[in-house]
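Q: Could you take a close look at one helix in this model for me, at what it packs against and what space it helps to enclose?

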Amino acid sequence: MDNPPSGKPEQGELFPDPLLGAGLDGMPDQLVGFRGPTACQVVGITYRQLDYWARTGLVMPSIRGAAGSGSQRLYSFKDVLVLKVVKRLLDAGVSLQNIRVAVEHLRRRGIRDLAGITLFSDGTTVYECSSPEEVVDLLQGGQGVFGIAVSGAMREISGSIKDFPVERADGGSVDETPEDELSRRRARRAIS
């Protein structure tokens, strides 16, 4: 992954979200995650793609890998975010070889660091920009043709993933989010 020609990486604006940092339901991100089918639905890929990417090491689940037939992989929020970025890069026509380089770079970053970057690609190379100046430098050089704002992907995933079940890696139970008054009234109406 390359930085723009004349820019140095800077810390971008942090993305405040309850899913980040402490994880879901106050649990650390290493303990609570999402099964493969949920990751597929949120990201918009097939289970076959997810399985292939895990088996080839492109994006492996960081919480729990497959341990034989019938076992369930468990993906962290960051894993799902990286899957979303991979999907977008593939849709833009970036080669799998270059995506592997970008994913390796993303894995080394913390979730808050990821929120401050935008990825650009000219179809050959993937560039990381973490400031408006870097974006301008890259575009003035005529190199960037497709961009992915990682914070936008985070917001998109955060909004949709809350509707899916989470699972603890240690087998413990995850408390459901408290039901609000409007949800209780709708449920009562649906029953009557």
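A: A quick word on terms before the details: contact here means heavy atoms within 4.5 Å. Keep in mind too that this is a predicted model.

The helix to look at is α3, which covers residues 77-91. Let's start with its partner, helix α1 (residues 36-43): the axes of α1 and α3 come within 10 Å and cross at roughly 45°. Angles from 65 to 115 degrees count as roughly perpendicular and those under 35 as roughly parallel, so α1 is oblique to α3. As for handedness, the α1 and α3 crossing is right-handed.

Who touches whom? On the α1 side you'll find A39, V42 and V43, and they meet V80, L83, K84 and K87 of α3. Sorted by class, that contact has five nonpolar and two charged residues, with no polar ones. The charged pair is K84 and K87, both in α3.

Now for the enclosed space. The count comes to one cavity of 30 Å³ or more, and the largest cavity has a volume of about 30 Å³. Its lining is made up of L81, V82, V85, L106, L114 and V150. Helix α3 gives the largest share of that lining, with three residues. By class, the lining has six nonpolar residues and no polar or charged ones.

So, to pull α3 together: V80, L83, K84 and K87 are its residues that meet α1, while L81, V82 and V85 are among the residues that line the largest cavity.

Terms used. Residues numbered from 1 in each chain as written. Predicted model: local features only at pLDDT ≥ 70, side-chain atom pairs only at ≥ 80, totals over all residues. Heavy atoms only, no water. 1 Å grid on protein atoms, 1.4 Å probe; cavity = no way out; pocket = protein on both sides within 12 Å on 5 of 7 lines; lining within 4 Å. Points joined across faces, edges and corners; volume = space filled by probe spheres on them. Helix = DSSP H or I, 4+ residues; strand = E, 2+ residues; numbered from the N terminus. Axes fitted to C-alpha atoms, helices over the stretch in contact; angles between N-to-C directions. Parallel < 35°, antiparallel > 145°, perpendicular 65-115°, else oblique. Left-handed = near helix turned anticlockwise from the far one by under 90°.
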